[in-house]
Amino acid sequence: SRETVVLQLECVAAVQQGIFLCPAWEDHDCLGIPRNCNILFSYMAVSVRGLYFVVTLFLGSFFGSVFMLGPFLPLMLLSPAWYRWITDRIVATWLTLPVSLLELVFGVKVVITGDGFIPGERSVIIMNHRTRLDWMYSYLRLEKICLKAALKAVPGFGWAMQVACFVFIQRRWEDDKKHMGNMLDYFCDIREPLQLLLFPEGTDLTGDNLDAVHDITVAYPKNIPQTERHLIMGFFPREIHFHVRRYPVASLPDSSSDLESWCRERWAEKEIRLRDFYSGQPRAFDRDGVARVPPCKTELRVTLIKAASLLYWSSFIALCFTGLWLWAPFRLYCLIMVGVYMGQQKLIGGLELLELACHRYWKTMAANAGEKSKGLDGKLL
C-alpha cells in the first residue's frame, strides 16, 4: 500500500541520516528511528556488515580464550600476580579490535576531549551509560569493568572477562560490597596499574592505592544503537564523543557522606554537559574543534596499531579454523579447554574467584613464612 511505501522510505531515510534522538522525538526509539520501523525491521534480514562485526568479535573472544589465554591458566595457581600481568596484556590486544573495526572498517568517528590519562596511573572511572554497548566503544585497554554476573557464563566473551578479572555483581549490595572489596584489595596487593570502571557508590575512592578519579561523559550526536540486535542489523553509531575530567585523589573529600555529595555534583554537571551537547550546533563537547587530550602516540602510530589489530585477529581466527580442520590434537585441546571453562563455572563460579583464592593462599603462606622467620630470629637472639 501507499502507507507501507511511505513507512519504508521514512525508515530508510532515518537510518541513512541518523539524525533523530530520543529526548526530542517521542515517536522515535533510542536508535533514532521511528518506532513503527521496528515492525518493518523485525522482518528484515541481518546486515552483512553487522553480522561480520559481531561474529568477528565472538570468534576472537572464543578462540582467544581457548588458544591464547588457556595455556596461561595453570600460572594462576603458581603466581597470580604474573598471571594477571600476562593475561591483562593479552586481553588488551582483543579490546583494540572493536574500536579498530568501528573506525577503520565502518567509518565511525571517535572524538576525545578534556583531560588526559597519565600512563601507569591508578584510577577509578565513573561514566554515564547511554547504552549497554558503551564499554565496547571505550578506548581504554587495561580497564576493569563492573558487569552483571550472568554475563560471565556467555561462551567466549564471558570466559575472557573472567580471565581478565572483571568485577561481576549480583545486584545484591551486601554481597556485592564484600566481593568488590576483595577485588580492590587484590588489585592493590599486586600493584598492577589499571583503570577501574565501577559504580562509585559505596566504593572507597581515597587512600594510597589510588592516584585519580576520571569522570567520563559519553554522547552520541547522531544515531544511538542500544543493543547487540541493532549491531547485527548494521546500525552503527556515526560518531562517539568522550569528554574526560580528571580529579586528583587529593582533591576528593574524605568522609563517605561528602563523597556521596561529590558524586551527585559530578552527575549534575554531567547532565548539564549532555544538555549543552545535544542542544548546541555542532553537537560536541568542545565546539572549538580542539581535542585537549595530549596524545601519547602519534596519529600514524595509532592507525598502525589499529590496522595491525585487524590483521592479527583476522589471521588468528583463520589459523584457528585451519587448525581445527586439519589437526585432531588441535580439536582435542579445544574441547578440553571448553570443558575446563564450563566445568569451573559450575564448580567454582568463575575464574576470577579462583584467582582470588590462589592469591589469598599465597598471601597466607608468605605471612606464615614471615612469622616463622621472625620466631627463629628471636630464638637465635
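Hi everyone, this is a short tour of one predicted protein model, from its overall make-up to a few charged side chains.

Some housekeeping before the details. Numbering runs from 1 along each chain as its sequence is written, and side-chain values use heavy atoms, leaving out hydrogens and water. Since this is a predicted model, local features need pLDDT of at least 70 and side-chain atom pairs count only at pLDDT 80 or more, while totals for chains, interfaces and linings use all residues.

Let's start with confidence. pLDDT is the predictor's confidence in each residue, from 0 to 100. The protein chain averages 78, and 76% of its residues reach 70 or more. Among the elements, helix H12 (residues 328-347) has the highest mean, 95, and helix H1 (residues 2-17) the lowest, 43. Over residues 1-45 pLDDT stays under 50, and there the model has 56 contacts beyond four places in sequence; a contact means heavy atoms within 4.5 Å. Where pLDDT is low, the predicted coordinates should not be read in detail.

Now the overall picture. The protein chain has 13 helices and 7 strands, taken as DSSP runs numbered from the N terminus (helices are H or I, at least four residues; strands are E, at least two). Of its 381 residues, 45% count as buried. Buried means under 20% relative accessible area, exposed over 50%, and partly exposed in between, with a 1.4 Å probe and protein chains only. Among contacts with a separation of 6 or more, 76% come from residues 24 or more positions apart. The exposed area is about 20300 Å², with carbon and sulfur atoms supplying 63% of it; that is by the Shrake-Rupley method with a 1.4 Å probe, and for residues only the protein chains shown count as cover.

What does the record add? The unreviewed UniProt entry annotates residues 51-78, 90-112 and 310-328 as "transmembrane region"; such annotations may be inferred rather than shown by experiment, and feature names are shortened. In the model, residues 51-78 are 89% helix and 0% strand, with end C-alpha atoms 40 Å apart. Residues 90-112 are 70% helix and 17% strand, and their end C-alpha atoms lie 25 Å apart.

On to the charged pairs. A salt bridge here is a side-chain nitrogen of Lys or Arg within 4 Å of a carboxyl oxygen of Asp or Glu, and by this rule the count comes to 11. One of them pairs Glu-355 with Arg-84, closest N and O atoms 2.7 Å apart. That pair links distant parts of the chain, from helix H13 to helix H5 (residues 80-105), 271 residues apart. Buried or exposed, which is Glu-355? Glu-355 counts as buried because its relative accessibility is 0%, and Arg-84, at 1%, is buried as well.

Lys-306 and Glu-103 form another salt bridge, also with a closest N and O distance of 2.7 Å. Here Lys-306 in helix H11 (residues 299-326) meets Glu-103 in helix H5, 203 residues away in sequence. Lys-306 is buried at 17%, whereas Glu-103 is partly exposed at 22%.

Then there is Arg-266 with Glu-265, at 3.9 Å between the closest N and O atoms. Arg-266 is buried at 7%, while Glu-265 is partly exposed at 44%. Salt bridges that share partners also join Arg-84, Asp-88, Lys-144 and Glu-355 into one network.

Last stop, Lys-363, which sits in helix H13 (residues 351-380). With 46% relative accessibility, Lys-363 counts as partly exposed. Lys-363 and Asp-189 are 174 residues apart in sequence and 9.3 Å apart in space, C-alpha to C-alpha. A polar contact of 3.0 Å joins their side chains; that term means a pair of N or O atoms within 3.5 Å, where, within protein, one must be able to donate a hydrogen and the other to accept it, and residues adjacent in sequence count only if both atoms are side-chain atoms.
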